[in-house]
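Here's a quick walk through a protein model for anyone who'd rather read about it before spinning it around on screen. Have a look at the sequence and the structure first.

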Amino acid sequence: MSVSTPLPPPIRRRGWGPWLVGAGVAAIIGWLAFSGVGNALVYYLTPTELAARGEAAIGQSVRLGGLVLPDSVSGSATDLTFVLTDGETEITVHSSVAPTSSFREGAGAVVEGVLSPDGVFEAEEVLVKHDENYVAPTQGQLPAR
């Protein structure tokens, strides 16, 4: 004769499945957010920051931003030389691409290119900051340049 003993109640296991799914979803959302933001941000260096890099800055493709120093612009539009400054450091920029018509002395500009060993920044692209205040010309008047 055997006496059967009742089985103990089943142990309820905590499931890791929902936690793993939640962590996976959070990781995907974080990756999408930061990878998208990283691609949308554009950084540029000031002339002082570029000069502080010293020899390490030579040959690296960077964006450099500053003001076009008055009386520093020379050459034709496709062989343009000017000086960018942040008020502390000045860097000579040479560009073989024509800037937009809003390029002028004293205006803000961002150039993309590399610093050559002779200290001249060779720009492959010149972006010019412009005034955000647009005034439409009146009827019969030509747009200002």
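In which helix is the place of Trp19? Trp19 belongs to helix α1, which covers residues 17-40. Keep in mind while browsing that this is a predicted model.

## A greasy spot on the outside

Trp19 is a good place to start. Its relative accessibility is 65%, so Trp19 counts as exposed, the cut-off being over 50%. Trp19 also has company: together with Trp16 and Leu20, it makes a nonpolar surface patch of about 490 Å².

## The barrel

Now for the strands. Five of them make a closed barrel, and going round you meet them in the order β1-β2-β3-β5-β4, with mixed pairing. On average, neighbouring strands of this sheet are turned by 50 degrees against each other, ignoring direction. In general, strands of a sheet pair through backbone hydrogen bonds, and they can do that either parallel or antiparallel.

One parallel pair is β3 (residues 90-95) with β5 (residues 121-128), joined by 3 bridges. If you want a spot to zoom in on, Val93 stands opposite Phe121 in β5.

## Two loops, two residues

Is Thr89 buried or exposed? Thr89 sits in the loop between β2 (80-85) and β3. With a relative accessibility of 18%, Thr89 falls under the 20% cut-off and so counts as buried. Leaving aside residues up to four places away in sequence, Thr89 touches Pro47, Thr48, Ala51 and Leu84.

Asp71 is in the loop between β1 (61-68) and β2. At 73% relative accessibility, Asp71 is over the 50% cut-off and therefore counts as exposed. The backbone is worth a look here too: Asp71 has a positive phi of about 60 degrees, although it isn't a glycine. As a rule, most residues other than glycine have a negative phi.

## One salt bridge

How many salt bridges does a search of the whole structure find? The search turns up 1. Arg63 forms a salt bridge with Glu112, and the closest N and O atoms are 3.1 Å apart. This pair links distant parts of the chain, with Arg63 in strand β1 and Glu112 in strand β4 (residues 108-115), 49 residues apart. In general, side chains of opposite charge can pair when their charged atoms come close.

How covered are the two partners? Arg63 has a relative accessible area of 24%, so it counts as partly exposed. Glu112 is partly exposed as well, with a relative accessible area of 24%.

Definitions and conventions: Residues are numbered from 1 along each chain as its sequence is written. This is a predicted model: local features need pLDDT of at least 70, side-chain atom pairs count only at pLDDT 80 or more; totals for chains, interfaces and linings use all residues. Side-chain values use heavy atoms; hydrogens and water are left out. Two strands pair if DSSP finds at least two bridges between them. Helices (H or I, at least four residues) and strands (E, at least two) are DSSP runs, numbered from the N terminus. Axes are lines fitted to C-alpha atoms, for helices over the stretch in contact, and angles run from 0 to 180 degrees between N-to-C directions. Buried means under 20% relative accessible area, exposed over 50%, partly exposed in between (1.4 Å probe, protein chains only). Contact means heavy atoms within 4.5 Å. Patches are made of residues with over 30% relative accessible area and no salt bridge: like charges are joined within 9 Å, nonpolar side chains (Val, Leu, Ile, Met, Phe, Trp, Tyr) within 5 Å. Accessible areas come from the Shrake-Rupley method with a 1.4 Å probe; for residues, only the protein chains shown count as cover. A salt bridge is a side-chain nitrogen of Lys or Arg within 4 Å of a carboxyl oxygen of Asp or Glu.
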